Amino acid sequence: MNTFPRYDQFVNRHIGTTGPDLVDMLKTLSVNSLDELIDQTVPSHIRRKDSMDIPPAWSEFEYLSELEKIASQNKTFRSFIGQGYYGTVTPSVVLRNVFHNPGWYTQYTPYQAEIAQGRLEALLNFQTVITDLTGMPIANASLLDEGTAAAEAMLMFFHSKEKKNKDESPNVFFVDENVFDQTIDVLKSRAWPQGIELVIGNWKTQALPANCFGVLLQYPNKTGQVEDYRDFVQHAKTAGCLVAMATDLLALCLLTPPGEMGVDVALGNSQRFGVPMGFGGPHAAFFACQEEFKRVLPGRIIGVSIDEQGNRALRMALQTREQHIRREKATSNICTAQALLAIMASMYAVYHGPQGLQAIARRVHYMSSSLATSLKSLGYELKSNHYFDTISIVADAASIATIKSEALKNEINLWYTNDSIQISLDETATEGEILKIAKLFAQAKGKTLDILTLSNELQFPSTCHRTSDYLTHPVFNTNQTESSMMRYIKRLENKDLSLVHSMISLGSCTMKLNAASEMIPVSWPTIGGIHPFVPKNQTEGYTQILKELEHYLCQATGFTACSLQPNSGAQGEFSGLLAIKGYHESRNESFRNIALIPSSAHGTNPASAVIAGLDVVVTACDENGNIVVEDIKVKAEQYKDRLSCLMVTYPSTHGVFETTIQDICKIIHEYGGLVYMDGANMNAQVGLTSPALIGADVCHLNLHKTFAIPHGGGGPGMGPICVNDKLKAFLPGHIYAVEKHVVPAVSAAQYGSASILLISYGYIRMLGSDGLTASTKHAILNANYIAAKLSKKYKILYTGVNGRVAHELIVDLRMYKEIGVSAEDIAKRLMDYGFHAPTLSFPVAGTIMIEPTESENKEELDRFCDALLQIHTEIEEVAKGDYPVDNSVLSNAPHTCAVITSDHYNKPYTREKAAFPLPYVKQNGKFWPTVGRVNNAHGDRNLVCTCPPIESYMTNS
């Protein structure tokens with residue numbers, strides 16, 4: 001019992017609708033209480049009877065105080081482990097103005113390009129960094145981690161060869177034994193369901209196997225060795241193999257780029273460009289390829305186009321190749337990125353410029369060379385004399401044990417193998433630390449060492465010395481002072497609409513508050529500074545947090561086990577399907593390979609099913625948006641001998657609690673299948689019902705939706721899965737986990753993007769069971785309030801049996817197409833009112849899907865409704881002929897400041913009508929889109945995915 005409860009409870013800060021506003025909203029909905037509304041919305045037979053076993057809420061002050069104590073259990077030793085993760089210095093100007101800035105981390109994926117030009121430019125910079133350093137012509141805007149990127153390369157090669165060789169598809173992928181262990185582990189989880197055979201061997205001594213379609217190399221490799229792969233790459237390509245190379249961006253400041261060696265794909269992790277290790281993530285992986293793969297390249301590509309006025313405008317290019325749009329024809333299930341981390345990495349490159357990056361790389365290399373020279377002077381032997389930042393010292397078991405013991409006493413982590421000790425240096429290392437390490441090795445031999453033997457020569461083959469320039473664009477050469485960098489970051493931020501400006505009502509995306517108290521701990525050294533492969537006794541704070549979080553998520557879902565490893569929603573889907581696959585195979589039923597998926601499902605569902613080796617059978621939905629139970633039964637019967645699972649979203653993607661959901665799950669179980677529930681709409685379930693109650697066996701959770709991790713402009717996200725008892729033996733494992741699992745890793749680090757799991761942990765601890773349930777109720781309230789307000793003028797497409805929507809609603813705009821007004825016109829016009837468009841044309845073409853979340857207050861909801869109602873008036877004006885269809889405020893939207901203030905303004909409507917259509921737009925401070933409507937077709941026809949010449953930045957007057 002808390003005798004002196006604090007006034008300042010987080011629930012009151014998080015939930016927007018309280019007090020008199022709540023009363024007014026309930027009155028609008030003709031209900032007497034919030035509980036009455038919930039009773040009308042959520043079917044009684046699936047309601048929870050119990051409360052979640054989650055501790056009472058902490059205040060924000062209590063949470064930060066308690067978390068600091070827990071985090072202090074993590075030991076912040078100096079880690080020189082390497083293996084893909086390194087210490088780095090995040091420039092303070094980037095830390096303060098990007099990482100800690102809600103103007104950057106609360107943005108959504110830049111599908112609405114006109115109000116996203118800032119992050120699009122930052123991501124274009126990232127792509128330019130990658131293409132320049134790798135020597136490749138095209139790169140995407142980031143992937144989830146290095147292991148995933150390698151797996152994507154393997155799958156891209158596999159499907160490319162499969163397409164060309166339909167009669168005899170090669171299925172062997174050769175991986176050099178010195179690729180990072182965690183990458184190989186992730187490759188196994190992707191190869192298994194696709195029937196790909198992994199052959200792991202030494203590229204120098206082992207012949208390429210027959211039926212080989214691709215190769216993966218590491219440069220420098222996991223032992224630190226730098227090797228010239230040119231001849232082998234040519235040999236592999238002559239043999240008909242495609243070649244991918246995992247590499248290191250800092251090393252490429254000095255090493256010959258992969259593109260000059262002739263590889264098809266270069267990939268890796270950009271973490272050491274200013275992004276904390278974070279016990280494994282989040283970090284932005286990179287993926288660059290040759291031109292021939294641009295239409296099958298996984299992930300997003302930022303491209304250059306023009307707007308309606310002919311000015312330069314950026315956008316996401318070639319969107320029809322995105323895998324969630326291709327659905328069951330997908331060759332990947334990637335539907336997100338690590339945008340915020342890619343932006344940080346790009347800003348690191350912009351701030352340091354090419355000279356700064358090369359200076360950092362040379363310092364790291366010369367420190368490594370000096371340490372190596374000093375150790376050799378003590379009588380130690382190196383495994384290789386060719387390295388960049390990692391030296392591998394030959395050692396027997398006794399020497400390893402002695403040095404490891406002394407290193408730990410000195411709070412130093414090194415990397416140990418059966419026959420060697422590896423030391424990976426990074427930009428955070430100091431001369432004093434290097435000397436301390438050298439003295440440990442001297443002591444082990446009974447010798448003394450007082451000073452280092454300095455070396456400033458490049459310690460890798462001359463054929464691997466880089467001669468080509470990089471980052472020559474002015475953006476990388478004009479922002480090296482903090483003033484200019486601060487202003488550049490701010491200039492980009494000001495171009496983008498985020499939650500600091502207004503509600504972002506994207507249906508199925510849950511753009512709720514990302515509270516400052518949830519965000520602050522992510523950059524604490526005790527959280528951000530931990531290497532993912534340190535000894536377990538150094539991460540007791542993380543262990544406590546992650547264990548508790550697993551328990552809380554199981555409480556929310558009703559399941560008994562949880563894996564926090566998947567680092568996106570789509571990877572959560574994939575992990576859940578692998579668990580189902582593992583279960584069926586354990587029962588000698590590997591023939592079960594049919595996934596039933598309703599036609600309304602999110603596109604990643606069929607994409608994930610295909611990647612998991614399943615055949616997709618689509619089931620019907622009726623005119624009210626509900627799954628047709630009879631069709632489920634017919635198809636379950638038809639495929640009873642092969643039925644693996646049903647993939648279902650609940651509440652439905654149409655924003656409705658379907659009353660037949662338990663019957664549907666029962667049918668699947670009767671025919672030997674399992675039920676996978678997509679957790680995209682968990683924000684309408686938490687505390688009221690659960691996936692276990694509806695009859696599911698496994699679900700994934702989008703922590704970047706329901707549990708408050710910010711979207712970051714298109715990532716990071718997290719997609720942990722929760723399962724029942726029958727599936728818990730099939731959760732993903734990890735090469736360095738103590739417990740061994742049947743299913744290999746799905747992410748490079750054991751806990752995926754571990755550091756941001758604290759955001760969800762904080763969200764849960766500060767709300768408690770009651771606050772979480774209240775949040776769900778208010779999310780449903782806000783959606784129904786908007787539905788009631790808009791239904792006066794618009795058609796709400798789907799409702800439940802009592803006329804209620806769940807936490808989101810679909811507004812039908814298809815009838816306006818007859819008068820020449822499209823759903824896109826309405827979406828773009830909302831920008832003039834200061835709002836991001838709702839989800840456009842999903843799950844029904846010609847509609848918008850609105851999800852307000854619980855964090856918005858009545859005033860903001862009313863502003864949004866007023867905007868849409870005023871737009872309806874503008875539609876009517878076009879219908880009556882007051883304005884031409886092709887020259888109206890709708891067809892010309894959005895209106896930029898340049899258009900409105902032009903001396904040549906010649907629109908048939910006033911400037912005020914265009915730019916200030918309602919009084920609040922003027923009173924609140926106008927948000928101006930910086931480009932007009934973007935010409936998508938032009939950008940795809942003239943694909944440019946790197947920083948164009950400076951002349952193209954000059955706008956037309």
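This note goes through the nonpolar cores, one helix and two sheets of a predicted model.

1. The largest nonpolar core has 171 residues, and within this core Phe-273, Met-347 and Leu-553 touch the most other members. Helix H12, which spans residues 339-377, makes the greatest contribution to this core, giving 16 residues. Apart from this core lies another, of 64 residues, with Ile-138, Met-154, Ala-595 and Ile-597 among them.

2. Leu-553 deserves a look of its own, with its neighbours within four places in sequence left aside. On that basis Leu-553 is in contact with Cys-562 and Leu-564, with Leu-701, Leu-703 and Phe-707, with Pro-720 and Cys-722, and with Ile-764.

3. Helix H19 covers residues 569-586, and the distance from its first C-alpha to its last is 26 Å, close to the 26 Å expected for its 18 residues at 1.5 Å a residue. The helix is mostly covered, since 16 of the 18 residues of H19 are buried. At the N-terminal end of H19, Ser-568 acts as a cap, with a side-chain oxygen that lies 3.4 Å from the backbone nitrogen of Ala-570. After H19 comes Asn-588, whose phi is positive, near 60°.

4. One open sheet has four strands in the order E22-E23-E25-E24, and the pairing is antiparallel. Its edge strands, each of which pairs on one side only, are E22 (795-796) and E24 (839-840). E22 pairs with E23 (residues 809-812) over two bridges, in the antiparallel sense, and Ile-796 stands opposite Val-811 in E23. Helix H24 (residues 757-790) packs on this sheet, where H24 touches E22, E23 and E25 (847-850), and the direction of H24 makes about 20° with that of E23.

5. A second open sheet has seven strands in the order E2-E8-E7-E6-E5-E3-E4, and here the pairing is mixed. The edge strands are E2 (138-139) and E4 (197-201), each pairing on one side only. Strands E7 (residues 265-269) and E8 (residues 285-289) run antiparallel and are joined by five bridges, with Asn-269 standing opposite Ala-285 in E8.

6. Two helices may be read together with the seven-stranded sheet. Helix H7 (residues 117-134) packs on the sheet and touches E2, E7 and E8, its direction making about 60° with that of E8. Helix H9 (residues 181-194) lies across E3 (172-176), E4 and E5 (212-219), and H9 runs at about 160° to E4.

How values were computed:
Residues are numbered from 1 along each chain as its sequence is written. This is a predicted model: local features need pLDDT of at least 70, side-chain atom pairs count only at pLDDT 80 or more; totals for chains, interfaces and linings use all residues. Side-chain values use heavy atoms; hydrogens and water are left out. A nonpolar core is a set of buried Ala, Val, Leu, Ile, Met, Phe, Trp, Tyr and Cys residues joined through side-chain atoms within 4.5 Å. Buried means under 20% relative accessible area, exposed over 50%, partly exposed in between (1.4 Å probe, protein chains only). Contact means heavy atoms within 4.5 Å. The expected span of a helix is 1.5 Å times one less than its number of residues. A polar contact is a pair of N or O atoms within 3.5 Å; within protein, one must be able to donate a hydrogen and the other to accept it, and residues adjacent in sequence count only if both atoms are side-chain atoms. Two strands pair if DSSP finds at least two bridges between them. Axes are lines fitted to C-alpha atoms, for helices over the stretch in contact, and angles run from 0 to 180 degrees between N-to-C directions.
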